[in-house]
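Please look at the sequence and the structure below, and then follow the explanation step by step with both in view.

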Amino acid sequence: MWWPPLLSFNPFRPSYQQDPYPSLARLRSAEPVARSQQPDGWVLTRHDNCRDTLRDNVRFSNDPTRGNGDLAQFVASSRHRSPIGDTAIVGSSDPPVHTRLRSIVSRLFTTRTVQAARPRIRQHIDQLLDEAAASGSFELMSSVARPLPSLIVGDLLGLTEDERKPVRDWTRSLMRVIGGGDLPPSAYREAETATNELRAFLDRYADTHEGDGTILGELIAAEQDEERLS
């Protein structure tokens with residue numbers, strides 16, 4: 001089947017990863033629903049189209065293993081090399097798997113929880129901005145936007161200051177290979193090491209935090225019922 005030529009788009013190109021916005025702006029203006037050869041699939045760049053697609057679990061899937069063509073082969077290869085293999089992930093699974101995984105922690109992400117976290121989030125933002133201002137000049141993404149979610153998630157997980165950095169580093173190494181791409185063998189070795197370190201940390205954490213109301217505490221409790229969490 002022939003597809004019309006796509007405007008310049010390659011999510012693996014270094015210039016795109018450095019600054020994706022010009023390419024996305026061109027697509028959004030001229031070809032908002034575009035066929036891409038790399039990766040092999042459709043690219044949506046308008047909010048309404050993305051929203052409708054993400055909410056339609058009947059016609060569309062969040063599970064990349066259900067794709068076809070080169071994309072499916074790419075995902076299968078990446079997962080084969082990944083330390084966690086085909087383990088279901090809440091962000092890339094469909095009901096009923098997604099529903100089961102999300103139900104474990106959904107009650108911890110209520111409006112009340114978010115409101116209660118606001119003062120602490122403001123403290124993190126103030127601290128990051130103060131540190132950035134003290135340096136004279138700074139880049140917003142690397143100085144503020146990128147570290148902020150890690151700080152917030154660390155609070156929600158109940159991590160101590162000493163636990164935050166190693167958990168963040170292990171997670172980044174693991175997520176790097178889960179995302180796939182043209183990665184060197186060293187990236188997979190680092191991910192394997194990170195997986196072992198993270199599992200050891202969670203084993204230690206489980207001894208003292210089960211049922212303490214934190215997200216990790218809830219996951220530890222859910223693990224006791226293998227039908228909920230393996």
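The paragraphs that follow deal with confidence, then with a pocket, and then with aromatic rings.

This is a predicted model, in which local features need pLDDT of at least 70 and side-chain atom pairs count only at pLDDT 80 or more, while totals for chains, interfaces and linings use all residues. Residues are numbered from 1 along each chain as its sequence is written, and side-chain values use heavy atoms, with hydrogens and water left out. The pLDDT is the predictor's confidence in each residue, from 0 to 100, and for the protein chain its mean is 83, with 93% of the residues at 70 or more. Helices are DSSP runs (H or I, at least four residues), numbered from the N terminus; confidence is lowest in helix α4 (residues 69-81), at a mean of 73, and highest in helix α3 (residues 47-55), at 94. Where pLDDT is low, the predicted coordinates should not be read in detail.

A pocket is found on a 1 Å grid over the protein atoms alone, as an open set of points where a 1.4 Å probe fits, with protein on both sides within 12 Å along at least five of seven lines. The largest one holds about 1,900 Å³ of space, a volume being the space filled by probe spheres set on the points, which are joined across faces, edges and corners. Its lining (residues with an atom within 4 Å of a point) comprises 41 residues, and Leu 174, Leu 198, Leu 202, Leu 216 and Leu 219 lie nearest the centre. The largest share of this lining, eight residues, comes from α9.

Which residues of α11 are buried, that is, under 20% relative accessible area with a 1.4 Å probe and protein chains only? They are Ile 215, Leu 216, Gly 217, Glu 218, Ile 220 and Ala 222.

Turning to the rings, a search of the whole structure finds two aromatic pairs, where rings of Phe, Tyr and Trp (its six-membered ring) pair if their centres lie within 6.5 Å, and planes under 30 degrees apart count as stacked, over 60 as edge-to-face and the rest as tilted. Trp 170 and Phe 201 form a tilted pair, 6.1 Å centre to centre with 50 degrees between the planes, and this pair links helix α9 to helix α10 across 31 residues. Phe 201 is buried, with a relative accessible area of 7%. The rings of Phe 201 and Tyr 205 have planes at 55 degrees and centres 5.7 Å apart, so this pair is tilted. Ring pairs thus link Trp 170, Phe 201 and Tyr 205 into a cluster.

Methods: Helices (H or I, at least four residues) and strands (E, at least two) are DSSP runs, numbered from the N terminus. Buried means under 20% relative accessible area, exposed over 50%, partly exposed in between (1.4 Å probe, protein chains only).
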